Each structure stands twice: as structure tokens, then as C-alpha cells.
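Work through these short exercises with the coordinates open. Try each task before reading its solution.

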Amino acid sequence: MKRFLFIYPGALGDLLLAAPVFQALREQNADAAIECVGSVPQIRLLPLLGLIDRVYSIDDRRFLPLFGGKNCPERLLSFFRSFDAVVFWVSNLNVNCSDIPLKVLDPRPDPHPPVHHAQYLYQTVQSFLNLPARNVTSFYLKNEPDNRPNYRPVLLVHPGSGSPAKNAPIDRFLVSAQKWKQKTGGEVLFLFGPADADVRQEFKKMAPPSEFSICDSPGFDDLIKRMASADFYLGNDSGVSHLAGVLNKRGLVFFRTTDPTIWRPLGTRLRSVIV
């Protein structure tokens, strides 16, 4: 059985933009094991989506020599040799071993090529991993619709992003949510993550009491289930929005400081709006 390893300590959105690579690699090597070294907790989302078989924390002591300016110890090189190919999407990496099939790539080139970031990641490894040429910017995972009787439509709103500069004003989300609820009679669920404390406080001050449901810091299993069952999504340029894209949700994503030409979520039904 073939084994492939990716080292990619990126944010959640970065990892999800690599999803087309993982999926294409599995299509080409159906029985292969695909493994990834990344940052916790976001790396743990990938196995739940079926994209990766096993994950390792980049903070594991075995990987510290990669960033310490020293030569890799033999035990770490032996670990890399157990794979058929190793991809390092890491800048300034300290690896030099001619008998390991590896490729070291800049995960965020400056300036960025004028292509979507998912396409950039795919093209950097296409020949190395023998992947077919394809446009991956509309990639998504199949998501079965919810066919329960008497089902109320759900709007899922994530007004944060982990970066205040990326966030559209909270009142934009509140007004949109109220209009959607009046039009559909459905449920509105506001989602807040661990990095959204300030946005959560703004919401608490401005939101009508008991008008909307709230979900604070859900686990990844819960987040995937809630996103999969949502009928419409509203958010900023964030990891949660990239999850919405991978699950091909219908909705809007607001962009303020980043270029949607490069960083918009994947899928076919999310519309990017510059605000």
C-alpha cells in the first residue's frame, strides 16, 4: 500500500483549499494512505471529511528539528522514508536528503500568482504526484440534502474570521438574517468560534433578544453536521466559509482585505461580495 505525507501547518482555510489535491490523489491511488502534519486543532477536521487518513501535530517533538536550524536526525529521516512521496508546503524548511522523494514548496508566494490559491496548490504538486490536469476551483464534496418532513430552512451565520480587519460590520449580518427569517420563516443560527469573542460581544449588544439561535465554539463533528444541514450560509473570509465551500453550500461570503479572485471558497454556490 502506498503512503503519502503532507506537511502543511496552515490555517483551516488553507487546509481546505488543499482538498482538491487530497481528493485527486485518492482517486489516482484508491488504496493509498494519505497523512498530514499540521496545526492542532484545525488539522483534525480533515479526517472527518474523508480527505486524510491520519494526522500528526506539527508541535510533536519529532518534527521540531525541521524548524530548529539543525540537520534532521536519522529517526525523522527514517519516518519520511516510510512514505512514497512527501510534500512540504512550508517556508524555510530544513530538509536535505537525496534518497527521500520529497518536494518543498512555498505555501504563500509573494507576490501570489494570478490564480486561485487552490489551483496554485494543485499545480505545485501535479507533476510530482502524477495528478491529472484539471481546474479545481469549483471542487466540492458531495453533500446529501436533508429530506426530513416539516423541515424548517436554516440560515447559518458566522460573522467572525479570527481577524477583525476581515470582518464585515455585525449590523450587515443582523439585517440580512432578519430579512431572511421574515422571508422564509426559517431558523437563523449564529456561529461563534474561540477567536470571535469581540464579535460575540457586538452581537450581544445589537441582536434582538431571542431573535436568533446561538452556537458557541462547536466541535468539528458538530460544525460539519450544522453546515451540512444549512440551507444558506453567510460569513466572512474565514475557515468556516471555506468549509461551506467544500460542502457546496449556497450563500454569501464578504471580503474586505483579501482578494476573492485568489482566496474565495471552493464550490459552485457561494457568491463573493467585496464590502
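**Exercise 1.** What share of the contacts in the chain with a separation of 6 or more comes from residues 24 or more positions apart?

*Solution.* The model is predicted. Take heavy atoms within 4.5 Å as a contact. Keep the contacts with a separation of 6 or more; residues 24 or more positions apart account for 59% of them.

**Exercise 2.** Test the radius of gyration of the chain against that of a compact globule.

*Solution.* Start with the length: the chain has 275 residues. The globule rule is 2.2 Å times the number of residues to the power 0.38. A compact globule would therefore have a radius of gyration near 19 Å. The chain has 20 Å, which agrees. Next, add the box: along the principal axes, the C-alpha atoms fill roughly 65 × 35 × 35 Å. Finally, take burial: 51% of the 275 residues count as buried.

**Exercise 3.** How far apart are the mean positions of the positive and negative charges of the chain?

*Solution.* Collect 32 positive and 26 negative charges. Average the positions for each sign. The two means lie 3 Å apart.

**Exercise 4.** Classify the ring pair of Phe79 and Phe80 as stacked, tilted or edge-to-face.

*Solution.* The structure holds 14 aromatic pairs. For Phe79 and Phe80, the ring centres are 5.9 Å apart. Pairing needs centres within 6.5 Å. The planes stand at 50°, so the pair is tilted. Now check the setting: Phe79 and Phe80 are both buried. Then follow the ring pairs outward: they link Phe79 and Phe80 with Tyr56, Phe63, Phe83 and Phe88 into a cluster.

Technical notes:
Residues are numbered from 1 along each chain as its sequence is written. This is a predicted model: local features need pLDDT of at least 70, side-chain atom pairs count only at pLDDT 80 or more; totals for chains, interfaces and linings use all residues. Side-chain values use heavy atoms; hydrogens and water are left out. Buried means under 20% relative accessible area, exposed over 50%, partly exposed in between (1.4 Å probe, protein chains only). Lys and Arg count as positive and Asp and Glu as negative; His and the chain ends are not counted. The place of a charge is taken as NZ of Lys, CZ of Arg, CG of Asp or CD of Glu. Rings of Phe, Tyr and Trp (its six-membered ring) pair if their centres lie within 6.5 Å; planes under 30 degrees apart count as stacked, over 60 as edge-to-face and the rest as tilted.
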